[in-house]
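I opened this notebook to keep track of what I looked up, starting with the ligand site and going on to charged pairs and backbone geometry.

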Amino acid sequence: MRDQTLCVHRPAVSQEGYASLATPTHRASTIVFADAQAYAERGKRGPDGYTYGLHGTPTSRTLEASLTALEQGVRTVLVPSGQAGIAMVFLTLLQPGDTVLIPDTVYPPATSLCEDFLKPRGIGYRVYDPMIGAGIADLIDETVKLVWTESPGSTTMEVQDIPAIVAAAHARGVPVGCDNTWATPLYFKPLAHGVDFVVEALTKYAGGHSDLLMGSISVRELAQHRRLKDTIRALGIGVSPDECSLVLRGLETMAVRLAHASAVALDFARRMADRLPAELVLHPALPGCPGHDLWRRDFAGASGVFSLVVPQGAEAALPGLMTAARICAIGASWGGTRSLLAPMNIAGERRIGRAVHRGTILRISIGLEDPAELWADLEPIVEAIATAR
Ligand SMILES: *Cc1c(COP(=O)(O)O)cnc(C)c1O
């Protein structure tokens with residue numbers, strides 16, 4: 001070969017004896033084929049084959065396989081964010097004329113997807129009480145093609161009766177999806193409880209360092225994997241192998257990070273519940289949390305995210321106390337090494353009457369900092385609530 005070609009064609013080097021513990025980052029758009037016939041027949045490789053970088057590399061497949069094992073499913077697909085995971089499930093299952101049921105406590109952008117994107121395209125949605133359990137049966141008419149769940153619910157932390165909802169939906173031939181971001185597959189396994197599609201925002205605990213966005217969808221049936229792959233292929237959705245390798249790294253420490261955040265969060269929630277009326281502390285492992293018994297029955301743990309209701313009398317002091325916090329940062333998203341405070345106002349978002357909490361709810365995500373220093377940030381907020389009452 002001449003020099004100009006040598007610049008482009010790399011010599012093959014030996015990989016003999018090369019065994020590393022790291023998963024290589026395979027970057028690719030083009031996948032090359034041994035001969036013209038193999039190229040012509042590439043479609044026969046199916047959803048697990050390699051045909052084009054967008055549709056998977058060994059790096060993304062390694063992450064998918066890790067998640068499939070943790071979720072006890074048969075396949076996983078990766079998408080650019082948790083929200084994309086929700087959207088891909090909805091777009092795969094719903095046609096004009098169909099309806100999806102979503103809990104009142106759903107991640108708010110999922111409601112926006114329904115209201116602002118799906119509804120104008122003829123796909124309806126109805127909001128249900130997250131504590132509905134087997135009563136979901138009464139809402140399932142022949143237009144309902146998906147029941148969506150999220151447990152515990154965003155901000156207010158209600159734990160849903162997933163097995164009862166699955167039983168009622170499956171009895172009518174309707175699949176169930178679950179946003180499992182709070183628990184991660186380490187603390188809850190929706191597929192093992194009959195759920196058909198589980199979505200994780202890997203952005204949170206799996207990534208674990210507040211520096212990437214990714215989502216996953218895991219399924220129990222190969223046919224559902226094929227349908228999801230058809231949707232994401234049509235929409236041109238894919239993930240970067242570099243980010244997959246960061247998530248693979250995050251997964252390696254997820255169990256110890258979660259165990260730490262879980263223990264500190266529960267300790268703090270208990271201290272708050274000792275000092276304040278119990279109903280102000282929204283943590284699934286506390287007996288007062290709606291669905292606490294379901295959490296005990298179905299979950300293997302509680303992650304490091306919980307909420308504190310700030311009654312009206314203490315609301316005025318909250319911004320100053322948050323700004324004064326030395327260690328906790330202020331911001332959305334969570335599941336990283338840094339502890340975060342995010343004031344939420346759900347009043348305008350909820351449609352079902354049972355939302356009892358007016359005013360501000362402070363979402364707290366516990367990270368990996370020194371617990372005593374974290375408590376020094378939180379204690380003045382707890383005191384302000386206690387004295388305002
Ligand atoms: C953060 C989050 C999402 C969305 O994840 P992104 O990767 O930020 O799009 C979905 N569901 C829940 C419960 C979340 O907390």
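**Entry 1: the ligand site.** I noted at the outset that this is a predicted model. I then asked which residues surround the ligand. The list I obtained runs Ser-81, Gly-82, Gln-83, Tyr-107, Glu-150, Asp-179, Thr-181, Ala-201, Thr-203, Lys-204, Leu-213 and Trp-334. When I looked for pockets, I found that the space taken by the ligand is the largest pocket.

I next went through the polar atoms of the ligand. One of its oxygen atoms is 2.9 Å from a polar backbone atom of Gln-83, whereas a ligand nitrogen lies 2.6 Å from an N or O atom in the side chain of Asp-179. For Thr-203 I recorded 2.5 Å between an oxygen atom of the ligand and an N or O atom of the side chain. The protein covers 90% of the 380 Å² of accessible area that the ligand has on its own.

**Entry 2: Thr-181.** I followed up Thr-181 as one of the residues surrounding the ligand, and located it in the loop between strand S5 (176–179) and helix H7 (184–187). Is Thr-181 buried or exposed? Its relative accessibility is 9%, so I entered Thr-181 as buried, the cut-off being under 20%. Its side chain reaches the backbone nitrogen of Ala-201 at 2.9 Å, and Ala-201 also belongs to the ligand surroundings.

**Entry 3: salt bridges.** How many salt bridges does a search of the whole structure find? The search returned 14 salt bridges, and I examined some of them individually.

I began with Asp-98 and Lys-145, whose closest N and O atoms are 3.3 Å apart. This pair links distant parts of the chain, with Asp-98 in the loop between helix H4 (82–93) and strand S2 (99–103) and Lys-145 in strand S4 (residues 144–150), 47 residues apart. Asp-98 counts as buried at 9% relative accessibility, while Lys-145 is partly exposed at 34%.

I then turned to Glu-383 and Arg-275, where the salt bridge has an N to O distance of 2.7 Å. Glu-383 lies in helix H13 (residues 371–388) and Arg-275 in helix H9 (residues 241–275), so this pair ties together parts that are 108 residues apart in sequence. Both side chains belong to partly exposed residues, with relative accessible areas of 29% for Glu-383 and 44% for Arg-275.

Asp-230 and Arg-233 gave me a pair within one element: both lie in helix H8 (residues 222–235), three residues apart, about one turn of the helix. Their closest N and O atoms are 3.8 Å apart, and I logged Asp-230 as partly exposed at 46% and Arg-233 as partly exposed at 37%. I also noted a network of salt bridges that links Asp-161, Arg-297 and Asp-298.

**Entry 4: backbone geometry.** I checked omega and phi because most peptide bonds are trans and most residues other than glycine have a negative phi. A cis peptide bond joins Ser-151 and Pro-152, with omega about -5°, and Pro-152 lies in the loop between S4 and helix H6 (162–171). Met-157, in the loop between S4 and H6, has a positive phi of about 65° and is buried at 3% relative accessibility. Ser-210 has a positive phi near 60°; I placed Ser-210 in the loop between strand S6 (197–201) and strand S7 (215–219), and entered it as exposed, with a relative accessible area of 56%.

Technical notes
Residues numbered from 1 in each chain as written. Predicted model: local features only at pLDDT ≥ 70, side-chain atom pairs only at ≥ 80, totals over all residues. Heavy atoms only, no water. Salt bridge = Lys/Arg side-chain N within 4 Å of Asp/Glu carboxyl O. Helix = DSSP H or I, 4+ residues; strand = E, 2+ residues; numbered from the N terminus. Buried < 20%, exposed > 50% of the residue type's maximum accessible area, 1.4 Å probe, protein only. Near = heavy atom within 4 Å. Polar contact = N/O pair within 3.5 Å; in protein donor to acceptor, adjacent residues only side chain to side chain. Areas by Shrake-Rupley, 256 points an atom, 1.4 Å probe, with all protein chains shown as cover. 1 Å grid on protein atoms, 1.4 Å probe; cavity = no way out; pocket = protein on both sides within 12 Å on 5 of 7 lines; lining within 4 Å. Sits in = over half its atoms within 2 Å of the grid points.
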